[in-house]
Amino acid sequence: MTTTTVRTQVGIVGAGPAGLWLAHLLAVAGIDSVVLERRSRVEIAATHRAGILEQGTVDLMAALGLDARMRAEGYAHHGIELRVAGEARRVDFADLVGRAVQLYPQQEVFSDLADGAAARGLDVRFEVADVAVHDLTSQAPSITFTDADGTPARLVCDFVAGCDGSRGIAKWAIPENVRTDHFREYPFGWFGILVEAPPSAPELIYAASDHGFALISQRTATTQRMYFQCDPTDRPDNWDDARIWDQLEACTAAPGFALTRGPIVDKTVIPMRSYVCEPMQHGRLFLAGDAGHTVPPTGAKGMNLAAGDVAVLARSLERFYRDGQHDLLDAYSATALARVWKAQHFSWWMTSMLHTHPGASTFDRRRQLGELDLVTTSRAGSTYLAEAYTGWPLIPTRPGFLDPDTALGAALASQLPAEAVTA
Ligand code: RFL
Ligand code: PHB
């Protein structure tokens with residue numbers, strides 16, 4: 001069978017949030033791309049993952065003109081509750097940092113991005129197979145794949161963006177002798193359920209108890225998302241509904257509080273890992289999102305990190321195509337990793353502070369309670385949590401990083417420091 005050859009400027013592997021955000025941002029900057037995705041649209045839209053968007057991520061959706069449904073159907077949250085041994089301690093984001101987050105499921109973000117891509121005429125190909133990247137250190141890298149109809153194809157491009165998630169292939173193309181894999185595995189996982197019931201609380205509850213950690217999150221007026229700490233090797237079938245509710249009640253018990261129960265329509269066990277691939281670039285390959293790093297979900301950072309990576313990458317590519325300069329591209333990994341490591345620390349910290357650690361001594365447990373007390377009673381402590389949770393700027397805020405005179409600069413103006421906008 002003959003191979004079809006397609007030519008574009010940026011070949012993107014993966015149509016998760018990272019890949020689709022990047023394709024949109026590049027289009028704003030006038031740069032062509034083709035997105036290659038292994039799964040079907042239907043399958044991605046049915047995968048339950050993130051729920052919380054930082055304010056900068058909300059601004060990114062607005063910059064792309066894709067925020068209407070998110071604002072109509074999502075919920076702005078101005079704080080979270082930390083429940084410490086049955087006592088409610090609210091962290092008030094509005095008061096502490098004047099910012100908020102948005103509860104809006106990742107599947108809906110994906111649907112908005114995919115619909116928006118079709119409306120913008122972006123080339124996104126679902127259900128492709130056999131994706132492989134080639135000649136990354138040459139001027140003309142390429143990606144070979146089999147199209148959805150079985151035709152072998154080659155995408156010839158100037159750059160390859162590896163946006164293929166934590167189980168993707170792109171990062172393995174960075175040779176072992178130049179790549180460091182920073183990895184940490186936690187001795188617990190999350191048991192996640194989806195429940196058909198009204199919300200049990202108006203905001204997220206992160207509960208640290210002697211029975212382990214639990215998170216009470218929401219989705220819609222009629223569907224809720226809840227998690228509790230479990231053994232990472234546990235299986236969904238080991239837990240019947242009664243046992244799940246007993247565990248969630250034990251972890252979240254507080255005077256006057258009762259979980260609103262309903263049919264459990266989905267059960268999953270999620271492993272907890274921290275990972276960073278350093279550097280996040282090699283030749284003309286650039287990694288973004290989970291392809292370059294993963295965090296445990298406790299800080300709600302994963303998808304938001306993808307937004308920061310692609311904002312930096314899109315700007316770096318704009319600089320290359322518009323000004324012929326590769327300084328920002330050369331610095332991409334270092335720029336992206338500065339934000340990634342802050343989020344790695346925050347995610348590790350929230351995870352360590354809130355979970356019951358197998359084998360913890362009485363010293364460890366009492367120290368943990370002391371830390372939770374400090375974080376929820378000291379304004380300095382809770383301000384750090386509020387600042388990190390609502391998120392740092394997506395791009396470096398130094399004047400000049402983003403050019404306010406370009407279409408991309410104008411679109412991302414909410415991310416610019418005031419000096420840069422008025423300069
Ligand atoms: P994705 O979403 O995994 O997308 C990668 C895409 O690449 C495709 N792919 C390939 N395509 C072609 N060829 C190949 N060889 C390919 N290999 C893979 C895949 O099919 C897929 O469609 O990565 P991306 O775009 O970097 O986005 C990252 C986010 O999905 C992830 O960080 C978040 O889900 C993490 N996360 C959370 N993030 C937040 O910001 N806020 C949250 O509240 C939050 N909660 C969560 C979470 C993740 C969770 N789980 C299940 C891990 C809660 C949970 C429970
Ligand atoms: C979710 O709603 O799925 C969610 C929210 C906050 C987290 C993790 C997951 O920290």
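This report walks through the surroundings of two ligands and one loop residue in a predicted model.

## Ligand 1 and its shell

Let us start with ligand 1, which has 31 residues around it. Glu37, Gln106, Asp290, Met303 and Asn304 are the closest of these. Sorted by class, the shell is made up of 15 nonpolar, nine polar and seven charged residues.

Two helices, H1 (17–28) and H8 (302–323), each contribute at least two residues to this shell. The largest share belongs to H8, with three residues.

## Polar contacts of ligand 1

Several backbone atoms come within reach of ligand 1. At Ala18, a polar backbone atom sits 2.9 Å from an oxygen atom of the ligand. Gly51 offers a backbone N or O atom at 3.1 Å, again from an oxygen atom of ligand 1. With Arg38 the ligand's partner atom is a nitrogen, and the distance to a polar backbone atom of that residue is 3.2 Å.

How much of ligand 1 does the protein bury? On its own the ligand exposes 1,100 Å², and 90% of that is buried by the protein.

## Ligand 2 and its contacts

Turning to ligand 2, we find 14 residues around it, and those that come nearest are Tyr206, Ser217, Arg219, Tyr227 and Pro297. The class make-up of this shell is eight nonpolar, three polar and three charged residues.

Tyr206 also takes part through its side chain: an N or O atom there is 2.8 Å from an oxygen atom of ligand 2. Backbone atoms join in as well. Thr298 places a backbone N or O atom 3.3 Å from an oxygen atom of the ligand, while for Ala300 the distance between a polar backbone atom and a ligand oxygen is 3.5 Å. Of the 280 Å² of accessible area that ligand 2 has by itself, the protein covers 96%. Strand S16 (212–218) and strand S17 (223–230) are the elements that give two or more residues to the shell.

## Ser40 in its loop

Our last stop is Ser40, found in the loop that runs between strand S3 (33–36) and helix H2 (41–45). Is Ser40 buried or exposed? Its relative accessibility is 17%, so Ser40 counts as buried, given that the cut-off for buried is under 20%.

Which residues does Ser40 touch, leaving aside those up to four places away in sequence? The partners are Phe126 and Glu127.

Notes
Residues numbered from 1 in each chain as written. Chains lettered and ligands numbered in written order. Predicted model: local features only at pLDDT ≥ 70, side-chain atom pairs only at ≥ 80, totals over all residues. Heavy atoms only, no water. Helix = DSSP H or I, 4+ residues; strand = E, 2+ residues; numbered from the N terminus. Buried < 20%, exposed > 50% of the residue type's maximum accessible area, 1.4 Å probe, protein only. Contact = heavy atoms within 4.5 Å. Near = heavy atom within 4 Å. Polar contact = N/O pair within 3.5 Å; in protein donor to acceptor, adjacent residues only side chain to side chain. Areas by Shrake-Rupley, 256 points an atom, 1.4 Å probe, with all protein chains shown as cover. Nonpolar A, V, L, I, M, F, W, Y, C, P; charged D, E, K, R; others polar.
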